[in-house]
Each structure stands twice: as structure tokens, then as C-alpha cells.
Amino acid sequence: MKKLYIISIFMLYFLACSKKVSLPEIDISVSEDGVVELPDSVPDIFKKYFVKYTKVTAPNGKPIHILAQDGWTNDQIKHGRNVLEHILTDFPGSLYGNNKTNVANSMSKKKATMVFFNTEPDLEKAFQEGLGSATDLSMQDLRANECTAVGSKDYMNHITRDASYEEIWHLVHDYGIKPTLPEMIKEMRIANDNAAKNGWKAWPEDEPQEHPNEYVGVLIDNYYDLWKIMPKLYEGREIAEMARRKDRLDNEQSFDGKSHFARYFANSRSAIKQKDHLGYQVIKNYFHPYLTFTPELPVDFNGVFSIKFDNNLSYTYKSQHLLNVKIKGDNNIALIGNNYDNILNGNQGDNSFQGNGGNDFIDGGKGVDTAVYQGPAADYKINILEDRIEVVDNNPERDGSDTLNNVENGKFVDRIISFPDKNIH
């Protein structure tokens, strides 16, 4: 009996020591941008590696966690959160994305968590030391040197390959899509196998069950034109040189028109549509054709930010898929919209806004702000209302119908009008 008692005590001790820890409820509403310092209330294993936290709340009220190390800026963290929210935003009328409630709820129940490490060695160190086995979280990693925030200098110069979409997709796939959308999984497999016959070099080579997952990550990148112009760096290393390494690409081969180190035979949305019809359909059945989130440009941003495609501005291959933009701080900034219905929000500076096509909502914020139009003032109907100004282009192919708030001037090709002025014609 005594021996059994000692064994029982040992087993209880073993079970107590091996119990996996979890994250408590963390309030992010206390922060203006929803990114908070990791509170003291979390278990030590998390504080050992991470310093910041944010989350996306699923429809069931439970969190999908994001933990970040000290090398991540708040702008980068918010970009990662934006991408996660985008992938989980309902896409009405689509085959698989019409209602993503079950996908998000499944992720939250499985405690899906993005872990934002500084570098790959930091990731390896954490898991070698037992981070994975010590917690009950279902984790997917992303590193700071493979995430670039919208409007950062890195983004504007199209330097770093943004892996946010691909890696966050893997989290959604593993803990949301696989448990809830078996028909989508089947379609992914068929499309992957067809693409493989046409030259798609799937990875990891020894894990064929993962090929459709990686394949869709590649499709997402190209659907949003992240590789139309090849980025310069991959985790701080030159992509062109990596692509020529023997294990990536034979020296005599070309990777023009290809992406992901020439492993995939297309590098843009238009190329997927032309060369990989089944893959294109997979994406269209779940993903919006535009980016649903509203990025906040970095507080030190200055100059012009365009979401209208411009062949001379490499970053607009990416930004052309945005609907909305918000600027912060007090710099004088110009925002240029596209043909979607844009929401453009200003800051405390003197900003200019050119909505272009679509029916846009423009809020200038503080400062003296100007809405810019492509035609003469006589071509527009301008309604000065109590709480807003409406500017309607009589040419249906040009500037659409804009709603203005906190905008002091309208700049037309022939004159500038100060609002409110009820005698503008």
C-alpha cells in the first residue's frame, strides 16, 4: 500500500508538472490600436518569449490570439491582424466564403494562435526549449523579417517578400478550413494535382499531404499581386540569388513570370487566371477580389500614397487591391483612390484626396483639406448639406459620387472652391 501511495503521489506530481498552460482573457480595448503589452497575468512561458499581444475575436466571442516578440513594430502587428481579419471576413455570394462563422469559431475553439517571432533562430530556440509542448495553443509562426506594414519604407520600395498572407492562411487552413469545409479541401487537392502536372513544384517534397495547403498560399500571394514584381529580400536574404541556388533553380533557367523561387509558373492574378484556371476558381470561391481591411499608414509617413495602379510605382501592384486607407499624425499627405468605393480618412495635417472612380467617402479630419477632381467644376453637382458635402460627377465614367466630411476645398481643373459655399455656380 505504501509503495502504491508513493507511485500515486508521483503520478499526480507528473500530471501537475506536465499540464499545458493557456492564455488568460486579455483586454485590448485599453489600447488605441488594439496592440497591448503582454500583461503580468500570463504564464511565464509566454513572457519568456513575447512582449506584445493582440487578437481577433471570433463570432462565438472567443479569441484567436496573436503574440509578438520585441522586434515587431505595432504597424507590423496590425498588418498581421488585418490579414487574419481579411481571410475571415465573409464574402457574400461566394461558394465557400459566404459565411465564415464556422471557420473562425473552429479556430478559436482550437486556440489558434499566430506567434510573431523576430527571426527563424528565435523561433527554433523557443520550440527547442519547449514552448510548443508547454502550452495548449495551436500555433503558426511568422517572422518580423518577412512581414512589411502597408506604407512603411520597406513596403513603398517593395523590398521584403510579405509572407503574412501565406503564413496566416496556414493557420486558418489547419484549424478552420480543414475541420469545416471538406469540399473546399477536395477542390484544393484537385487543383494542386492539376497544377503539378503543369509545372508547379510543390513543397515539402516529403509531405505531399501538405501540398494543397502550400499551393493555396502561393495562389493567395499571386492573387493579390505580391510577386508581379519580384521582391528583393526573403527573410533578409536576396531573393534573386536564392532563386538561382541549385536547390531552388538551375542556373540556366529563368524565373521571369514565375513566383516563389520559380516553383510556381505564374506571378500575378492575371497569370493565374490564364494559366491555372482551377487554382483561380479555388481562390475566387473563398477570397474577396479586394482587400477588406483598412490599413493605417505609419505615423511618420509623408508624401503621396496611391491605391490606384501606376506602372511606375512598384508598390501599387499591391496597394491597388485596397479599398480604404487611414492616415495618422500631422504630416501633409496626399491619398489617391482607385475605382472601388473607397473610404479615405485624413489626419491633423493639410491633406489632399483624389477619390477617382467609385462612390467614395472622404473624411479630412483636422487641418485644411482638399478633394481633387478630374474635370471642370461645371461638370459636377455639389450639394452642401448640414452634415456633409456631396460631389456628383455628371460624367459617369470619371469621378463617381463622393461624400465629403471635414473637407474645406474642392479642387477642379479650372478652379478651387471653398466649402461651404452655397453659390458655387
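This is a guided tour of one predicted protein model, stop by stop, with a suggestion of what to select at each stop.

**Before you start**

Residues are numbered from 1 along each chain as its sequence is written, and because this is a predicted model, local features need pLDDT of at least 70 and side-chain atom pairs count only at pLDDT 80 or more, while totals for chains, interfaces and linings use all residues. Side-chain values use heavy atoms, with hydrogens and water left out.

**The whole protein**

Show the whole chain as a cartoon, and you will find 14 helices and 19 strands; these are DSSP runs numbered from the N terminus, with H or I over at least four residues for a helix and E over at least two for a strand. The C-alpha trace spans about 100 × 55 × 40 Å along its principal axes. Of the 425 residues, 51% are buried, where buried means under 20% relative accessible area, exposed means over 50%, and partly exposed lies in between, using a 1.4 Å probe and protein chains only.

Now switch on the surface, of which the protein exposes about 19,900 Å², with carbon and sulfur atoms supplying 50% of it; such areas come from the Shrake-Rupley method with a 1.4 Å probe, and for residues only the protein chains shown count as cover.

**Strands 1, 2 and 3**

Select residues 52-57, which form strand 2. Why is strand 2 largely enclosed by the rest of the structure? It is so because 5 of its 6 residues are buried. Strand 2 pairs with strand 1 in the antiparallel sense over 2 bridges, where two strands pair if DSSP finds at least two bridges between them, and V36 has Y53 of strand 2 as its bridge partner. In general, the strands of a sheet pair through backbone hydrogen bonds, either parallel or antiparallel.

Add residues 63-68, which are strand 3, joined to strand 2 by 6 bridges in an antiparallel arrangement. Within this pair, K55 stands opposite H65. The hairpin of the two strands has 5 residues between them, and there G61 takes a positive phi near 85°.

**L23 and its surroundings**

Next, select L23, in the loop between helix 1 (2-18) and strand 1 (36-37). Is L23 buried or exposed? L23 is buried, with a relative accessible area of 10%. Leaving aside its neighbours within four places in sequence, L23 is in contact with V42, F46, Y53, H65, L67 and L137, where contact means heavy atoms within 4.5 Å. L23 and F46 are 23 residues apart along the chain, and their C-alpha atoms are separated by 8.3 Å.

**A cis bond and two positive phi angles**

Most residues other than glycine have a negative phi, and most peptide bonds are trans. With that in mind, select W203 and P204, which are joined by a cis peptide bond with omega about -15°. P204 is found in the loop between helix 9 (182-197) and helix 10 (211-223).

Move on to E235, which has a positive phi of about 50° although it is not a glycine. E235 is found in the loop between strand 6 (233-234) and strand 7 (237-238), and E235 is buried, with a relative accessible area of 9%.

Then select N406, another residue that is not a glycine, with a positive phi of about 55°. N406 has its place in the loop between strand 17 (401-405) and strand 18 (409-411), and N406 is partly exposed, with a relative accessible area of 39%.

**Two open sheets**

From N406, turn to strand 17, which belongs to an open sheet of 6 strands in the order 9-11-13-17-16-15, with mixed pairing. The edge strands are strand 9 (324-326) and strand 15 (380-384), each of which pairs on one side only. Select residues 361-363, which form strand 13 and pair with strand 17 in the parallel sense over 3 bridges; I362 has L404 in strand 17 as its bridge partner.

Finally, select the open sheet whose 6 strands follow the order 8-10-12-14-18-19, again with mixed pairing. Its edge strands are strand 8 (303-306) and strand 19 (416-418), each pairing on one side only. Strand 8 runs parallel to strand 10 (residues 333-336), and 4 bridges join them. To end the tour, select S306, which stands opposite I336 in strand 10.
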